Structure formats: structure tokens, C-alpha cells
Amino acid sequence: MKKLLPFCALALLSACSPQSAKEQTSNPSSVTADSTSSSQVTFDEARFRKDIKTLSSDEFEGRAPTTKGEKLTLDYLSAAFKEMGLKTTYQDSYLQPVPMVSYTASESQQISLAGINLTNREDIVLGTRHDKGGVDINNAPLVFVGYGVNAPEYQWNDYDGLDMKGKIAVIMVNDPGFAHPESDKFNGKAMTYYGRWSYKFEEASRQGALGAIIIHDTAPASYPWSVVENSWTGAQQDLVFSKEIQDKRIAVEGWMTLESATAIFKKAGFELPNLMARASDSAISLDLNQTADIAFTSKAEYADSYNVVATLPGTDAKAEHILFTAHWDHLGIDLTKDGDNIYNGALDNASGTAGILEIARQFAKQAEQGNGLKRSLTFIATTGEEQGLLGSRYYAANPIYPIDKTVAVFNLDSTNVYGKTQDYTIVGKGQSELEEYLISVASTQNRTATRERNPASGGFFRSDHFSFAKLGVPAVFAGGGSVPLDEATAKYKQAMQIEMKGCYHSVCDHYREGWDLSGALQDLAVYYQAAETLANSNDWPGYYKGSEFNSLRPAKD
């Protein structure tokens, strides 16, 4: 997320990009930005591959924040930006400290819901974001609160009239629009922020609940239980909050399987499918007349992690910044696994990090040749995205450059390893005027801009651009497509998807020499040219009417 951004969405974003009319045929390992740019810019595939391969190597140990892998990653990225000649931004360093705490729940847990004993990882995954040595809950009432949504603009409140003090909320995944896409509920199949796990835990905290457990369901979640197990066990990083904020957070949070939830509701005398249907029709809350007993130890360890921030100053409007973001972190090492236990995170997101490096190199080269941009470009390799967009959230709250001087954000989270396509995917298409820059460039590559095939996955809310969107900065997450350029590309894509099936947030997300990165390089060209055009203009894109961010920075019309 993008924590838990589903692999099917990654496959969508990575699945493609068709051929640019200006691609150099004399050098198959490079892609040139369209000739409408002020300069010819060639991306180096060999260098792009090297960056992905290095960052996702076993030596980097899965790039978990506050580990040896982070130190290696920070050194690698800092050296790369220094070689480009980009400016340091934080106390003569490229590193912005991000105060973090790692919570690690014991693997040995005693969990009983409605008198049914549940097994950690197999049936349920629980943790705590408190430094109190663990959790010891006895006889806490279980309350079903539907989707756990309190949305006045949709006249929907699953908590209406409830006193959640001392109680544990049991919550469905996604939002009411998923079950009834044909209705006018929420945003239909396209997930709103109310469908995000982060919102559900935040709302349960606001309601004064003791805890919250989300019922995992593969279709509306858009990822299998294995993603939950891999992502929510082991050390869980978070930002360090004030005591006032921390004291208001729920004591325990997590997920349980649909099978476990079905058994619990049956014990309570209810058929879960019937209640889920009711919950999708209207707001609902129901005391299950069952309780929870939960006990496990947990430790908290404090350490700074770091965003890597580098700037290419503009010429005429240096104070105005366009950001490129990509998260450098992944899931690290799981010492409970035998054999391969390193989450290399090659696609997610060594590839995106390598992407902003390649874009930065080309802009720096053009500036050296006298083709500098009017506005400044700032490149941010963020930490802690997998744990809830931590690095981008921290930067947005503690910006090195003022948010009201931040023109736009281009985010790279996994790149296209499936070959060229006839279309170009903009996640959450229809949000802001910034998309028009991408659409214009994609058209020069004979590509049609479309939205993601599975908007129910809520991709727009799952990666670092969202931290800026919440503050009104137009931000895009785009790339790839779903329609292969030709039959040969389609066959390759099918074979590679089979090879990489189940690799999202898994140890098999490692670099492959056989990846076709031609589409990824064309996607870099789209971002490059869109940013170049915007940086040399006086435009301030805004959010369209109908977007939840329109009031923060509205579009011109």
C-alpha cells in the first residue's frame, strides 16, 4: 500500500505500455521521450535493470526500515543522487529522519472469540500499536458494525447510537458500494477511502472501541489471506505520535479469515452471509452477545528511519516544486520461514525506486546542458510505505518545501514488467487536471488512457501519492495497461504472469533477467514529459468537482 496493494493491481499497473513513435530502433535497450519535449532524452535500460537488481538483491535483505537493509539502501540512493549533482535538502544531507516505532507481537498468542480458539496466522492476525508490553483482554463484547463506516455525506453511520467503550468492533472489508455497484451507494465498485483498512481502524479509535478486527474476504479485499499473513506479522512499523493521540488508539487491531468469522457468527446464532447482505443495504450494528479473550506479549523498539530527498532546483520559479515519489522499503526477512525467507521486493518497489533514479538522471543531464526547468523537481524515496504510507505521511506533515508550493506529485509504485500495451492506466482516473498531462503524452505513444480494471481494490488510496492528495496536492499513480501491444507480447505476458503468480508481498518477488522492461521505460517517458511540460508552465492543476479533494484545491472549471 499501498500496504496490501493486491498483486492483481500490480499486474495491471505493470502489465504494459505500447511503443512510442519516437523510440530509437537503433538501440533496443533504450527508450526516448517524445520529440515534442524540449530535448531528446534517452532512458538506459541496462542501468535501470542494474538498479532494480541491486536494490532487490539478497544483500539488501528485503529493505525493511531500521535494518541493515535500510542502511545499504540509503547509501545506494544517496550516492546515486550525489553523482547526478542533485541538491541535498535536509541539513546538508539527502536523508530526512522519520521517527518510527516497531511493534512486534509474539507469535505465541491465546485468542478465543465466542469461545472458539483461533490460531495465529492460520485463522487470525492480531497486533497492537501500544508500548504496554502486550495485550490482555478478557470478556470484551464483540459487536458487528457492518463496514465500520461513519460517512455523513453518504448518510451512513454503522456506529449510530453505539457506545463502543470496552468493546471490539467486527468489520467487513471494503465499503457498501462494492456489493451494489449498480446503485448510487458510495462510489460503486470503485473503493472510497471508507473501504481502506486504515480508515476502519481510525474510525474504531474515534468511536472509543477497545479493538477492531476486519473480516478478510478475498473478492472485496482483492488479495488473498496470504497477503494479510505476510504483511501483518513480524515487526510492524508506525510513526511516533503524541501521547494524546496514542491514548485514543484502539488497543488491538487485525484481521480474521472469512471461515473463522463464519464460525463465530454461527456460534452467536447468525448466518454471516445474511448479515453481510444486510450491511451492504444499509448501516447496521449488532451485538453478537459473545466475547473475546485475547492475550499476547508485544515489544516496541524506537528508531529513526529515513526518507531520501533530493532536489533539482528550477530556474525562474525555484520555490515551486513538482515531486516524484517511490517507496524504497519492503518487508525484510521473516525468520520464522524455512528456506527462502527474504522479501526482495523487486517489483514492489525496487522497480519504482529505480524509475525515479532514471528520471532524475535525465533531468539532471538536461539541466547540465542548459535545458533546466523553470520549476524545481524534488525526488523522494520514501520509507515505511508497506506499513501504512509512513514516510510520505511524515513528509506531508513535515514538508521540507511548503505544501502550498507543491504543484503536483508523480508516484511510481511497481513498474511494468509485462511488455508494451495499447492503453495506459491511471489509477482512480477522473480525480484531477494533472491527469490531462499524462493523457496528452500517452496519446503521442498511440496509447489510450483508461482507469484500472479493478477499481474495487482502492488503488488510489494505497500508495504514497495519497498522503499528498489528502492535503489537496494533485497526485497521480499511473503506468502500464491491460491490453498487450501485439500477440507476441500477449504470449510473453501470460507466461510471466504465471511465473509471478502469488508473488505480491511474497518471497518470490525477486528480480528476473527475463523481464521485458520496454513498457516500463515508456511509462517513465510519460512521467518525464508530463513533468517537463508542467514544470515549464505556470499551471496549477486542481481536483475536479466530485473528487473528495476538490474543496482543497479545485480545478479551474
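## A buried aromatic pair between H3 and S19

Both phenylalanine 81 and phenylalanine 379 are buried, and in this predicted model they belong to a set of 31 aromatic pairs held by the structure. Their two rings form a tilted pair, with 6.5 Å from centre to centre and 35 degrees between the planes. Because phenylalanine 81 lies in helix H3 (residues 68-84) and phenylalanine 379 in strand S19 (residues 375-382), the pair ties together parts of the chain that are 298 residues apart in sequence.

## Packing of H3 against H10

Phenylalanine 81 also takes part in a helix contact, being one of the H3 residues that meet helix H10. On the H3 side the contact is made by Tyr76, Leu77, Ala80, Phe81 and Met84, and on the H10 side by Thr353, Leu357, Ala360, Arg361, Ala364 and Glu368. The axes of H3 and H10 (residues 346-368) come within 9 Å and cross at roughly 15 degrees; since angles under 35 degrees count as roughly parallel, H3 and H10 are therefore roughly parallel to each other. The crossing in which H3 passes H10 is right-handed.

Within H10 there is also a point of backbone interest. The peptide bond that runs from aspartate 348 to asparagine 349 is cis, with omega near 5 degrees, and asparagine 349 has its place in helix H10.

## H4 and its surroundings

A second aromatic pair joins phenylalanine 201 and tryptophan 232, here in an edge-to-face arrangement with 6.0 Å between the centres and 75 degrees between the planes. The pair links distant parts of the chain, with phenylalanine 201 in helix H4 (residues 197-206) and tryptophan 232 in helix H6 (residues 225-232), 31 residues apart. Phenylalanine 201 and tryptophan 232 are both buried.

The helix that carries phenylalanine 201 is mostly covered, as eight of the ten residues of H4 are buried. These are Trp197, Ser198, Tyr199, Lys200, Phe201, Glu203, Ala204 and Ser205, and they pack against S9, strand S11 (168-172), strand S12 (211-215), H6 and strand S14 (252-256). Just after H4, glycine 208 takes a positive phi of about 80 degrees.

## An aromatic cluster and charges over rings

Tyr199, listed among the buried residues of H4, is also a member of one aromatic cluster, which it forms with Tyr154, Trp156, Phe186, Tyr193, Tyr194, Phe460, Phe461, Phe466, Tyr543 and Phe549.

Aromatic rings are also met by positively charged side chains, identified here at two places. Lysine 189 lies over the face of phenylalanine 178, at 3.9 Å from the ring centre, while the charged end of arginine 375 sits over the ring of tryptophan 540, 5.3 Å from the centre of that ring.

## Positive phi outside glycine

Arginine 63, although it is not a glycine, has a positive phi of about 50 degrees. This residue lies in the loop between helix H2 (45-55) and H3, and at 1% relative accessibility arginine 63 counts as buried, given that buried means under 20% relative accessible area.

Glutamine 155 likewise is a residue other than glycine with a positive phi, near 50 degrees, and its place is the loop between strand S9 (150-151) and strand S10 (156-157). With a relative accessible area of 69%, however, glutamine 155 is exposed, the cut-off for that class being over 50%.

Notes
Residues numbered from 1 in each chain as written. Predicted model: local features only at pLDDT ≥ 70, side-chain atom pairs only at ≥ 80, totals over all residues. Heavy atoms only, no water. Phe/Tyr/Trp six-rings, centres within 6.5 Å; stacked < 30°, edge-to-face > 60°. Helix = DSSP H or I, 4+ residues; strand = E, 2+ residues; numbered from the N terminus. Buried < 20%, exposed > 50% of the residue type's maximum accessible area, 1.4 Å probe, protein only. Lys NZ or Arg CZ within 6 Å of the ring centre and 35° of its normal. Axes fitted to C-alpha atoms, helices over the stretch in contact; angles between N-to-C directions. Parallel < 35°, antiparallel > 145°, perpendicular 65-115°, else oblique. Left-handed = near helix turned anticlockwise from the far one by under 90°. Contact = heavy atoms within 4.5 Å.
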